[in-house]
Amino acid sequence: MKKQLIILKQLKMTDNYIADSARYKTMKYNRCGKSGLLLPAISLGLWHNFGFADNYNNSREILRAAFDQGITHFDLANNYGPPAGSAEEVFGSILKKDFTAYRDEMIITSKAGYDMWDGPYGEWGSRKYLVASINQSLKRMGLEYVDIFYSHRFDPETPLEETMMALDHIVKSGKALYAGISNYSPEQTTKAIQILNKLGTPCLIHQSRYSMMAREVENGLLDVLDDNGVGFVAFSPLAQGVLTDRYLKGIPADSRASKAHFLKPEFLTPELIANIGKLNDIALLRGQTLAQMATAWLLRDKRVTSVIVGVSSVKQLNDNIDTLKNIVFSKEEEEKIFAILNDL
Ligand SMILES: NC(=O)c1ccc[n+]([C@@H]2O[C@H](COP(=O)([O-])OP(=O)(O)OC[C@H]3O[C@@H](n4cnc5c(N)ncnc54)[C@H](OP(=O)(O)O)[C@@H]3O)[C@@H](O)[C@H]2O)c1
């Protein structure tokens, strides 16, 4: 009986998907730096929960629900999974089934920089690696082009000119519409922007970690991007789930921390959880969940084009989208929050 129900559910999922006609009614779109591109204030990242190891129907439901609510920006990379590459394959499969008619309404990204395949050409920033990687990513996703292609990290051993020339080549050969960089320092970013400008492929966007708990980008990077008209997208805005109510009462069995890989349980000390509890109290007074307040906190800065959330369920996705109902903070709230952040 249970098997029959699962098959029925799968059959329902293969029904023709028609996107919600109200999908552009509530989402907020921000201009990406001084470019022509608008990105949704909330974007969806596929680092976790979209690999072969994850539930395909759940991934598909999340993508449908995201698009139905105006999320047009889907963030991938060559190594997302597990196993590496499988998030792009799963995404490509769902894209083909559900989103073929909507390709021109979507911003799809990929990146190359981290360890992807064996040998000397499977990571970092050489032209050899970047060009091979975009070709592989396009094949996995069944796409002719991605919208944004990123150098995923700065390579100290490869001349920056070579990495940027590879991005320029990828854009000019039509494999990507825009070039971006990720995890570059303010100094590396300044140089990368200058090189890309000379090549005639301006740097569209920078993607870096940014949350209430990881505020390094406030020390120069956001200013460099603003001065140069380059957009900024924040990754891990919820500190992988720590800045939510998920861990206030222990470590749930289905949570990222329970897998002890990217988010280690030992990181969740009693002191940290006590401070997260204080933030949670402020969020509740604002009529928000902590996840919503943590996202709103980043979006109150006009230099932040978009915040890329990860979700393991449609419920979490919906919760995060509702952030946009209140992204304004009073002076008093800001003071209280800063006092807690200083202790984090
Ligand atoms: N460029 C880079 O180097 C880089 C690096 C990292 C990430 N990224 C990008 O950024 C994206 C987001 O990163 P991330 O997944 O670490 O982001 P995150 O939004 O900080 O954390 C996502 C996790 O938080 C929990 N969560 C999300 N919404 C919640 C809610 N409303 N209530 C309670 N818990 C909630 C879920 O944990 P559970 O799974 O436990 O439910 C979810 O998996 C990635 O998918 C990727 O696209 C880029």
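This short talk walks through some helices, loops and backbone features of one predicted model.

Before I begin, residues are numbered from 1 along each chain as its sequence is written, and side-chain values use heavy atoms, with hydrogens and water left out. Because the model is predicted, local features need pLDDT of at least 70 and side-chain atom pairs count only at pLDDT 80 or more, whereas totals for chains, interfaces and linings use all residues.

Let me start with helix α5, where the helices (H or I, at least four residues) and strands (E, at least two) are DSSP runs numbered from the N terminus. Helix α5 covers residues 160-172, and its 13 residues reach 18 Å from the first C-alpha to the last, close to the 18 Å expected at 1.5 Å a residue; the expected span is 1.5 Å times one less than the number of residues. Its buried residues are L160, T163, M164, A166, L167, D168, I170 and V171, and here buried means under 20% relative accessible area, exposed means over 50%, and partly exposed is in between, with a 1.4 Å probe and protein chains only. What do these buried residues of α5 pack against? They pack against α4 (127-141), β6 (146-151), β7 (176-182) and α6 (186-199), and contact means heavy atoms within 4.5 Å. Just after α5, G174 takes a positive phi of about 85°.

Next comes the pair made by helix α2 (residues 56-68) and helix α3 (residues 86-99), which pack at an angle of about 55° with their axes 11 Å apart. The axes are lines fitted to C-alpha atoms, for helices over the stretch in contact, and the angles run from 0 to 180 degrees between N-to-C directions. The helices α2 and α3 are therefore oblique to each other, given that angles under 35 degrees count as roughly parallel, over 145 as roughly antiparallel, 65 to 115 as roughly perpendicular and the rest as oblique. On the α2 side the contact is made by Y56, S59, R60, L63, R64 and F67, and these meet V90, F91, S93, I94, K97, D98 and F99 in α3. The residues of this contact of α2 with α3 divide into seven nonpolar, two polar and four charged, where Ala, Val, Leu, Ile, Met, Phe, Trp, Tyr, Cys and Pro count as nonpolar, Asp, Glu, Lys and Arg as charged, and the others, Gly among them, as polar.

Helix α3 also has α4 as a partner, and the axes of α3 and α4 come within 7 Å and cross at roughly 40°. These two helices are therefore oblique to each other as well. In this contact, E88, E89, F91, G92 and L95 in α3 meet S137, R140 and M141 in α4, and by class there are three nonpolar, two polar and three charged residues.

Now let us turn to the loops around α3. In the loop between β4 (73-75) and α3 we find P82, and P83 is found in that loop between β4 and α3 too. Which residues are joined to P82 by a cis peptide bond? One such bond joins G81 and P82, with omega about 0°, and another joins P82 and P83, with omega about -10°. Both prolines are touched by F52, which lies in the loop between β3 and α2 and, leaving aside neighbours within four places in sequence, is in contact with P82, P83, S86, E89 and V90.

On the other side of α3, Y102 is found in the loop between α3 and β5 (107-112). Is Y102 buried or exposed? Y102 is buried, with a relative accessible area of 12%, and, not counting residues up to four places away in sequence, it touches Y17, I18, A19, R23 and F67.

Further along the chain, helix α10 (residues 290-299) is largely enclosed by the rest of the structure, because ten of its ten residues are buried. The buried residues of α10 pack against β3 (42-45), β9 (231-235), α9, β10 (306-309), α11 (314-321) and α12 (331-341). Within helix α9 (residues 270-285) we find N275, which is buried at a relative accessible area of 8%.

I finish with two residues that have a positive phi without being glycine. N183, with a phi of about 65°, sits in the loop between β7 and α6 and is partly exposed at 28% relative accessible area. S236, with phi near 50°, lies in the loop between β9 and α8 (256-259) and counts as buried at 15% relative accessibility.
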